[in-house]
Amino acid sequence: MAGPLTSLKVLDFSTLLPGPYATMLLADMGADVLRVEAPDRVDLTKVMPPFDGKFSTAFSYLTRGKQTIQLNLKESENVEKVKELVKDYDIVVEQFRPGVMGRLGIGYEVLKEINPKLIYCAITGYGQTGPYRDRAGHDINYLAISGVASHCGRADGGPPPMGIQIADVAGGSHHAVMGILSAVIHRQQTGEGQFIDISMTDAAFALNAMAGAAALAGGQRQAPEAGMLNGGTFYDYYRTSDDRWLSVGSLEPQFSARLCDRLGIGNMKNLATSHNPEHQKSLKAAIKGKIGEKTLAEWQEIFADVDACVEPVLTIEEAAEHPQVKSRCMVVYGDRGDGVEQRQLGIPIKVGSFNPCE
C-alpha cells in the first residue's frame, strides 16, 4: 500500500530510540528511509535482549521499512558519499550531540549549500543552545529536569521509573515527525529547507500540559497524588482480589453514578463530584474495598455492558489480543531483518485511504 509520504527521502544517522522511532513512523507512512550505520560503532538496540533471530527484537522493529548503508564518517571518502546522497535524500535526521555532524564535515550549513531544500532535523537531550547543550542524558533525566517526574507516582514512594520512554518517544520522536512535516509544508510553499532543533527536555516540559498550566498560571504546586488526574481523586488504579488492577476514570457525573451503582455504593455518588479532599478520600477507600472483593475477570464481566470508564490493566500480550486493538490492526508482521516475519507493534496513524487494516 502506497503511503502518504512516498515523495519523501530520508537520510537517517540516528541510533537508539528517539530518531529511529521517528524515521520508522515516516517509513511506515511511505517515506524512503536510508539508515547510515557506523561499522565501528554498535547501536545498543541491536545487542539489547531479547533476540529473535540475528538481531534484538527492538532493533528489528525500529528498522522496519528502512534500507541500510554502512559508512565510517571519519573517512573523507564516506563524507563525500554523504554529500552525494544529500542531493537526492532531502531530509536528514541525526541524534548526535550538538556540533558533532559539523566536525565530521556534514553539518547543516555544509549540506544546505549542496541542497538548499534540505530539511535537517537534530534530536538531542537538551537542544542546540543553552548551558546543558553538551550534557549527556537519558529519558529518566529529561523527565526529571522537565518537572514531569515530580508529580508522578505515589506521595510516599517517590517518582516511578516509567514503563515506556516518554521523553524519548512522545518527546523526541513525535515532535521530530511534527517538525519535519511542518518543514515539508513550508518547503512546498516557499522552496526553502529548514533546520529543526528538537530538545527532548523541551518536549517533555511541554507534555506537562494541564499540570503545567495549573502551576505556571494558577500558582498551584503539582505533587504526586495531589491533582485530579494523578491519584488525588478516585480517578486511579485499584487492586483486585487476584492481584490484578482495574483502572477507574469515571470523572463525569453520569459515569461516576454508574460506577457507584455497579459497585453497590450508590449512596456515595455525590462524593464523586466533590472537590473536598476528605470526600474523595472516603470514596476512594470505598472503591478500593469493593474492587478488592472480586477478581479482574469478575469485574470485567460486571462492567462489560456499561459505559463507566472502567477498564482492566492488561499486559502487552493481553492488549495485543484485545478485540479493539486487533480490529485496529495494531499487531502486524514485519521482516525481522533476515526475511522471516515477526509480530510487531502496528502503525497507529491511519490517513485517508492509507489504512493498514484494508
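**Overall architecture, internal cavity and aromatic pairs**

The protein comprises 15 helices and 13 strands, where helices (H or I, at least four residues) and strands (E, at least two) are DSSP runs numbered from the N terminus. The model is predicted, so local features need pLDDT of at least 70 and side-chain atom pairs count only at pLDDT 80 or more, while totals for chains, interfaces and linings use all residues. Residues are numbered from 1 along each chain as its sequence is written, and side-chain values use heavy atoms, with hydrogens and water left out.

The C-alpha trace spans about 75 × 50 × 40 Å along its principal axes. Of the 358 residues, 42% are buried (under 20% relative accessible area, against over 50% for exposed and in between for partly exposed; 1.4 Å probe, protein chains only). The exposed area is about 19000 Å², of which carbon and sulfur atoms supply 54%; accessible areas come from the Shrake-Rupley method with a 1.4 Å probe, and for residues only the protein chains shown count as cover. Among contacts (heavy atoms within 4.5 Å) between residues at least 6 apart in sequence, 67% join residues at least 24 apart.

A search of the whole structure gave one cavity of 30 Å³ or more. On a 1 Å grid over the protein atoms alone, a cavity is a set of points where a 1.4 Å probe fits but cannot get out, and lining residues have an atom within 4 Å of a point. Grid points are joined across faces, edges and corners, and a volume is the space filled by probe spheres set on the points. The largest cavity has a volume of about 60 Å³. Its lining consists of Asp12, Ser14, Thr15, Leu16, Pro20, Arg35, Asp43, Thr45, Phe59, Leu62, Thr63 and Lys66. By class, four of these residues are nonpolar, four polar and four charged (Ala, Val, Leu, Ile, Met, Phe, Trp, Tyr, Cys and Pro count as nonpolar, Asp, Glu, Lys and Arg as charged, and the others, Gly among them, as polar).

Two of the lining residues, Asp12 and Lys66, are also in contact with Thr23. Thr23 is placed in helix H1 (residues 18-28) and is buried, with a relative accessible area of 0%. Leaving aside neighbours within four places in sequence, the other contacts of Thr23 are with Val10, Val33 and Val93.

Ala183, in helix H7 (residues 166-190), is likewise buried, at a relative accessible area of 4%. Beyond neighbours within four places in sequence, Ala183 is in contact with Ile119, Gln194 and Ile196. The C-alpha atoms of Ala183 and Gly158 are separated by 40 Å, with these positions 25 residues apart along the chain counted as their separation.

Seven aromatic pairs are present. Tyr108 and Tyr120 form one that is edge-to-face, at 5.7 Å centre to centre and 65 degrees between the planes (rings of Phe, Tyr and Trp, the last by its six-membered ring, pair if their centres lie within 6.5 Å; planes under 30 degrees apart count as stacked, over 60 as edge-to-face and the rest as tilted). Tyr108 lies in helix H5 (residues 108-114) and Tyr120 in strand S7 (residues 119-124), so the pair ties together parts twelve residues apart in sequence. Both are buried, Tyr108 with a relative accessible area of 14% and Tyr120 with 2%. The rings of Tyr126 and Tyr142 have centres 5.4 Å apart and planes at 85 degrees, so this pair is also edge-to-face. Tyr126 is in the loop between S7 and helix H6 (139-145) and Tyr142 is in helix H6, 16 residues apart; both residues are buried. Tyr108 and Tyr120 further belong to one aromatic cluster with Phe195.

Methods: On a 1 Å grid over the protein atoms alone, a cavity is a set of points where a 1.4 Å probe fits but cannot get out, and a pocket is an open set with protein on both sides within 12 Å along at least five of seven lines; lining residues have an atom within 4 Å of a point.
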